[in-house]
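These are my notebook entries on a predicted model. I set out to look up aromatic contacts and strand pairing.

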Amino acid sequence: QVHLVVSGGGLVQPGGSLRLSCAASGDIAAINNMAWYRQAPGKGRELVARSTAMGTSVYGDSVKGRFTISRDNAKSTVSLQMDSLKPEDTAIYYCNADLYSGVPRVWRNYWGQGTQVTVSS
């Protein structure tokens, strides 16, 4: 019932842009952190960007200045605007969020489905 729905992803040329979106769906009472992670071929999972409940945004070093995380609390969505994309940004991207939901309500960490981002000429 409660899940994260991811949209976006695809193929883009180096230097191009892409936008990912993630929407929390279901009986959700509150949302804490929302974040984007990625896993490139042969690499471990890494944090791309995180938006905290306090309104602070943090970024992985490799994407600082190029990616922007944003949040729409009214729609329970988080987006990742990716600009100046590089081949090394190629990875499966995952949405992650802490949601207060269910009966009884509890805090749980959720993962959305992965979406492939490929940066190639």
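The entries below take the aromatic rings, then the strands.

Entry 1, aromatic pairs. I searched the whole structure and found three aromatic pairs. I then looked up Y94 and W111, which form an edge-to-face pair with 6.2 Å from centre to centre and 90 degrees between the planes. This pair links distant parts of the chain: Y94 belongs to strand β9 (residues 91-101) and W111 to strand β10 (residues 106-111), 17 residues apart.

Entry 2, accessibility of the two rings. Are Y94 and W111 buried or exposed? I noted that Y94 has a relative accessible area of 22% and is therefore partly exposed, as buried means under 20%. W111 also counts as partly exposed, because its relative accessibility is 37% and exposed means over 50%.

Entry 3, the cluster. I recorded that ring pairs join Y37, Y94 and W111 into a cluster. I also looked up R45, which lies over the face of Y37 at 4.8 Å from the ring centre.

Entry 4, strand β11. Which residues of strand β11 (residues 115-119) form the covered face, and which the uncovered one? I listed T115, V117 and V119 on the covered face, and Q116 and T118 on the uncovered face.

Entry 5, partners of β11. I found that strand β2 (residues 10-12) runs parallel to β11 and is joined to it by three bridges. V12 has V119 of β11 as its bridge partner. Strand β9 runs antiparallel to β11, and three bridges join the two. Here, V117 in β11 is the bridge partner of A91. Both V117 and V119 are on the covered face of β11.

Methods:
Residues are numbered from 1 along each chain as its sequence is written. This is a predicted model: local features need pLDDT of at least 70, side-chain atom pairs count only at pLDDT 80 or more; totals for chains, interfaces and linings use all residues. Side-chain values use heavy atoms; hydrogens and water are left out. Rings of Phe, Tyr and Trp (its six-membered ring) pair if their centres lie within 6.5 Å; planes under 30 degrees apart count as stacked, over 60 as edge-to-face and the rest as tilted. Buried means under 20% relative accessible area, exposed over 50%, partly exposed in between (1.4 Å probe, protein chains only). A charge sits over a ring if NZ of Lys or CZ of Arg is within 6 Å of the ring centre and within 35 degrees of the ring normal. Two strands pair if DSSP finds at least two bridges between them.
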